[in-house]
Amino acid sequence: MKLLQLLLLVSVYQVEVYPGVESVQLPCKTTHRLPKDAIVEWKDASMYDRKVHVYENGSDQPEEQHEDYRGRTEMKRNLLKPGDLSLTLKYPTDEDTNTYTCTVYSKEGNILMKKDVVLIFRDYAEVKPEHSEVEYVELPCKTTQNLLEVAKVEWKERGNRKVHVYENGSDQPEEQHQDYKERTKMNEDLLRTGDLSLTLKYPTEEDYSIYTCTVYSREGNILLKKQVKLKVRVCQVEVEEGAESVQLPFKTSQNLPGDAEVEWVHYNPKKTIHVYKNGSDQPGEQDQDYRERTKMNEDLLRTGDLSLTLKTPKESDSGEYKCVVYGKIWRAKTVLLKVKGQTRDNMNRNSCIDPTPRSA
C-alpha cells in the first residue's frame, strides 16, 4: 500500500481550561482515511518527552504512558475510521499546562500526520484566610466518586514536596517533608465520605503556594486530581512610639526538636534581633541596638510559641522581621512592624491577629 502523505500546515490550536472541570479535550481530527495498522502517539513538550497516550494494533497501550498520565487519558473507540484522534485528559491542573503533539505513524515508522495543541490552565481555586494569624486553614478536595478501591491519597506542594500521604488506610507521616510535620490532618473515614480536604495548621506566608491532591488506584493509576492555591498575607503589626512593648507573633507546631535553633532577624539593614539555641537565649549574638530589649517565652520549643516581645519600640525599629527555626525541622514567618508617632488614640494595633481564633 502506498504511504499516505499527509503534510498538514496547521496553526497551533490552543485550549483553555479552568479549575473544577472533570476533563478537557485536546482536538486532533483529519478528513483523511488512516490505515488500520497506524500508530497514534500523544506526547507533551516537556524536557523528558513524556508519552501521554499511545494507540497501536487497534487498542490503547497504557503501559507505555508516563506515570503522570496513567488513568487520566482516553481516546475514542474505532478512532481511525472517523479520523478523530482527539485526546481527553481527565482532572487537569496547572501542571498540565504544556504543548501536546499528536503524531500518526505508519507501520514502517513514517510520519503520516502531526498536530500541536497548547493547553493553558487559566486560574486556580483559591483559599485566602481573612487573617494571617489563624490557627489552621482547610484546603478543599471533595468528590462524589466511589473511592473504596483507592490505595493512596497524596497532597503535594508546587515544589513537589509531599505535604501529606494517606495510604493503605492510614496516614504516612514518615513520607512528609519536614516543613509539614505535625502540621497536617485529614478527615477520618475519608474514602467513604469523599472528603479528602487537608487541614494545614499554623499557616504563614511561607506556605503561599499551589497544592495538589492526587488519588491513586491500587494499580497506580490516577483516579482524581484537584488543585488549590493558598494565599497567606504577611503579618503586619502597628504600634505607637512610647508604648512599653510590642509583640511580634509566631505560633507553630508544638514539641519542636530540643536541638532546634530559633533566630529573629531584622532586614534592611540586616540585624540579629534574638537567638535561642542549646536550650537558652544567646544575648551575645544580638545586635547591640536590641540588647536587653527582647524577650521570648519560656519553654518555647514545647509550646511552639515563638513570639518575640520587643520593649520600648522606636520609629527606627520599623521594618521587616523574620523568625526562622533551624535544625531537623524548619519553620519561618515574616512580620512587618510599623512604629508610629503618638498621633492616634489607638496605642497598639495588630492587624494579623484573628480576634476569634479557631482550632483544628
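Reader: Before we get to pairs like Arg293 and Asp317, what counts as a salt bridge here?

Author: This is a predicted model, and the rule is applied to its side chains. A salt bridge is a side-chain nitrogen of Lys or Arg lying within 4 Å of a carboxyl oxygen of Asp or Glu. Arg293 and Asp317 fit that rule, with their closest N and O atoms 2.5 Å apart.

Reader: How many salt bridges does that rule give?

Author: Side chains of opposite charge can pair when their charged atoms come close. Applying the rule to this chain, the count comes to 28.

Reader: Back to Arg293 and Asp317: how many residues apart are they?

Author: Arg293 sits in the loop between β23 (280-281) and β24 (294-296). Asp317 is in the loop between β25 (308-311) and β26 (319-326). The bridge thus links distant parts of the chain, and the separation is 24 residues.

Reader: And are those two buried or exposed?

Author: The cut-off to keep in mind is that buried means under 20% relative accessible area. By that standard Arg293 and Asp317 get one and the same label: buried.

Reader: Which residue does Glu133 pair with in a salt bridge?

Author: Glu133 is in the loop between β10 (125-127) and β11 (136-139), and its partner is in strand β27 (residues 331-340), 200 residues apart. Both ends of the bridge are buried. The closest N and O atoms are 2.0 Å apart, and the partner is Lys333.

Reader: What about Lys51 and Glu64: what is the N to O distance there?

Author: Lys51 belongs to strand β4 (residues 51-56), while Glu64 is in the loop between β5 (59-60) and β6 (73-74), 13 residues apart. Their side chains meet in a salt bridge, and the N to O distance is 3.2 Å.

Reader: Why does Lys51 count as partly exposed?

Author: Buried means under 20% and exposed means over 50%, so a value in between is partly exposed. Glu64, its salt-bridge partner, gets that label at 30%. Lys51 is partly exposed because its relative accessible area is 28%.

Reader: Which residues are joined with Lys51 and Glu64 into one network?

Author: The network comes from salt bridges that share partners. Besides Lys51 and Glu64, the members are Glu41, Lys43 and Asp49.

Reader: Switching to rings, what angle do the planes of Tyr69 and Tyr100 make?

Author: The count of aromatic pairs comes to one. Tyr69 lies in the loop between β5 and β6 and Tyr100 in strand β8 (residues 98-105), so the pair ties together parts 31 residues apart in sequence. Both tyrosines are buried. Their centres are 6.4 Å apart and the pair is edge-to-face, with the planes at 85°.

Reader: Which residue lies over the face of Tyr216?

Author: Here a charge over a ring has to be within 6 Å of the ring centre. The distance in this case is 5.1 Å, and the residue is Lys152.

Reader: Now the backbone: which peptide bond is cis?

Author: Most peptide bonds are trans. This one has omega near 0°, and its proline is in the loop between β21 (261-267) and β22 (271-277). The bond runs from Asn268 to Pro269.

Reader: What are the relative accessibilities of Asn57 and Asn255?

Author: Most residues other than glycine have a negative phi. Asn57, in the loop between β4 and β5, has a positive phi of about 55°. Asn255, in the loop between β20 (245-248) and β21, has a positive phi near 55°. Asn57 is exposed at 68%, and Asn255 is exposed at 58%.

How values were computed: Residues numbered from 1 in each chain as written. Predicted model: local features only at pLDDT ≥ 70, side-chain atom pairs only at ≥ 80, totals over all residues. Heavy atoms only, no water. Helix = DSSP H or I, 4+ residues; strand = E, 2+ residues; numbered from the N terminus. Buried < 20%, exposed > 50% of the residue type's maximum accessible area, 1.4 Å probe, protein only. Phe/Tyr/Trp six-rings, centres within 6.5 Å; stacked < 30°, edge-to-face > 60°. Lys NZ or Arg CZ within 6 Å of the ring centre and 35° of its normal.
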